[in-house]
Amino acid sequence: MSLKNWNFRQKPTGMWRRLLRLPVYLYRARLGFLMGQRILLLTHRGRISGRVFRTPVEVVEHDQETGEYIVCSGTGPFADWYRNIAEHPAEQVQVCNRRWRPHQRILDTREAAQRFARYEELHPRTARRLLASMGNSYDGTDDGRVVMMTRMPMVAFSHSQRTVEPQSHP
């Protein structure tokens, strides 16, 4: 399968898989700082195999107030990494060269929609491209965005276990 024909609705293979795995190798080489705070390396255990996996995931938002890193399962609730952490909480999160055992929470669709709206404001072209490559779209309304987030669940990872109330932003 060529890179040109590949999309995020199917599992990557060949060259495209190796390219998407590049952040894992950079983190292993202690070069995670090259990823900045845009790519989080998630260490999780397989829900069936029990094997340890490392998955790079784009950070949608780093909430400075709560310290949470918000990520999105753009390929949906059936993505392996998402299903794995839904079954067994993530074992480790690494951002830049910092790593820790995270506390995680799955965002409700309203909060996820608010977070995604901010992502769209900050990265409009990237958001459009990602939605298209993942086969997701919505009608541009707030309600449409909420419905879309049922197909793109979000997870927050933090250092502490304190309860974080969903934030309401206009």
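**Exercise 1. Leu22 and its surroundings**

Work out whether Leu22 counts as buried, partly exposed or exposed in this predicted model, and say which surface feature it belongs to.

*Solution.*
- Start with the location: Leu22 sits in helix 2, which covers residues 22–28.
- Next, take its relative accessibility, which is 41%. Buried would need a value under 20%, and exposed a value over 50%. Leu22 therefore counts as partly exposed.
- Now look around it on the surface. Leu19, Leu22 and Tyr25 make a nonpolar patch of about 290 Å².

**Exercise 2. The overall layout**

Describe the chain in terms of its helices and strands, then say how much of it is buried.

*Solution.*
- Count the elements: the chain has six helices and seven strands.
- Put them in sequence order, and you get α-α-β-β-β-α-β-β-β-α-α-α-β.
- Turn to burial: of the 170 residues, 43% are buried.
- Then check the surface. The chain exposes about 9900 Å² of accessible area, and carbon and sulfur atoms account for 53% of that.
- Finally, see how far apart in sequence the contacting residues are. Taking contacts between residues at least 6 apart, 63% join residues at least 24 apart.

**Exercise 3. Strand 1 and its partners**

Find which strands pair with strand 1, in which sense, and over how many bridges.

*Solution.*
- Take strand 2 to begin with: it pairs with strand 1 in the antiparallel sense, over seven bridges. One point to check by eye is Leu42, whose bridge partner in strand 2 is Thr55.
- Follow the chain from strand 1 into strand 2. The two form a hairpin with six residues between them, and Gly50 in the turn has a positive phi of about 80°.
- Move over to strand 4. It also runs antiparallel to strand 1, and four bridges join the two. Here Leu40 has Val95 as its bridge partner.
- Ask how covered strand 1 is: five of its seven residues are buried, so the strand is mostly covered.

**Exercise 4. A polar residue in strand 4**

Is Gln94 buried or exposed, and what does it touch?

*Solution.*
- Place it: Gln94 belongs to strand 4.
- Read off the relative accessible area, 5%, so Gln94 is buried.
- List its contacts, leaving out neighbours within four places in sequence. They are Tyr27, Ile39, Leu40, Leu41 and Arg99.

**Exercise 5. The nonpolar cores**

Identify the largest nonpolar core, its best-connected residues and the elements that build it.

*Solution.*
- The largest core holds 17 residues, and Leu40, Leu42, Trp81 and Phe157 have the most contacts inside it.
- Trace where its members come from. Two or more residues each come from strand 1 (39–45), strand 2 (52–62), strand 3 (69–72), helix 3 (80–87), strand 4 (92–95) and strand 7 (154–158).
- Which element gives the most to this core? That's helix 3, with three residues.
- Zoom in on Phe157. Beyond residues up to four places away in sequence, Phe157 touches Leu40, Leu42, Gly67, Glu68, Tyr69, Val71, Ile85, Ala90, Val93, Pro102, His103 and Gln104.
- Don't stop there: another core, of 16 residues, lies apart from the one just described, and includes Ile70, Cys72, Leu131 and Met152.

**Exercise 6. Buried salt bridges**

Pick out salt bridges that involve helix 4, and decide for each pair whether the partners are buried or exposed.

*Solution.*
- Set the scene: the whole structure has eleven salt bridges. Side chains of opposite charge can pair when their charged atoms come close.
- Try Asp63 and Arg115, whose side chains meet at 3.0 Å, N to O. This pair links distant parts of the chain: Asp63 is in the loop between strand 2 and strand 3, Arg115 is in helix 4 (residues 109–122), and they are 52 residues apart. Asp63 has 5% relative accessibility, so it's buried. Arg115 is buried as well, at 1%.
- Stay with Arg115, which also meets Glu111 in a salt bridge at 2.9 Å, N to O. Glu111 and Arg115 are four residues apart in helix 4, so about one helical turn separates them. Both Glu111 and Arg115 are buried.
- Go on to Arg145 and Glu120, whose closest N and O atoms are 2.9 Å apart in their salt bridge. Arg145 lies in helix 6 (residues 142–148) and Glu120 in helix 4, 25 residues apart. Both are buried.
- Last step, join things up: salt bridges link Glu61, Asp63, Glu68, Arg105, Glu111, Arg115 and Arg118 in a network.

Key: Residues are numbered from 1 along each chain as its sequence is written. This is a predicted model: local features need pLDDT of at least 70, side-chain atom pairs count only at pLDDT 80 or more; totals for chains, interfaces and linings use all residues. Side-chain values use heavy atoms; hydrogens and water are left out. A nonpolar core is a set of buried Ala, Val, Leu, Ile, Met, Phe, Trp, Tyr and Cys residues joined through side-chain atoms within 4.5 Å. Buried means under 20% relative accessible area, exposed over 50%, partly exposed in between (1.4 Å probe, protein chains only). Contact means heavy atoms within 4.5 Å. Two strands pair if DSSP finds at least two bridges between them. Patches are made of residues with over 30% relative accessible area and no salt bridge: like charges are joined within 9 Å, nonpolar side chains (Val, Leu, Ile, Met, Phe, Trp, Tyr) within 5 Å. Accessible areas come from the Shrake-Rupley method with a 1.4 Å probe; for residues, only the protein chains shown count as cover. A salt bridge is a side-chain nitrogen of Lys or Arg within 4 Å of a carboxyl oxygen of Asp or Glu.
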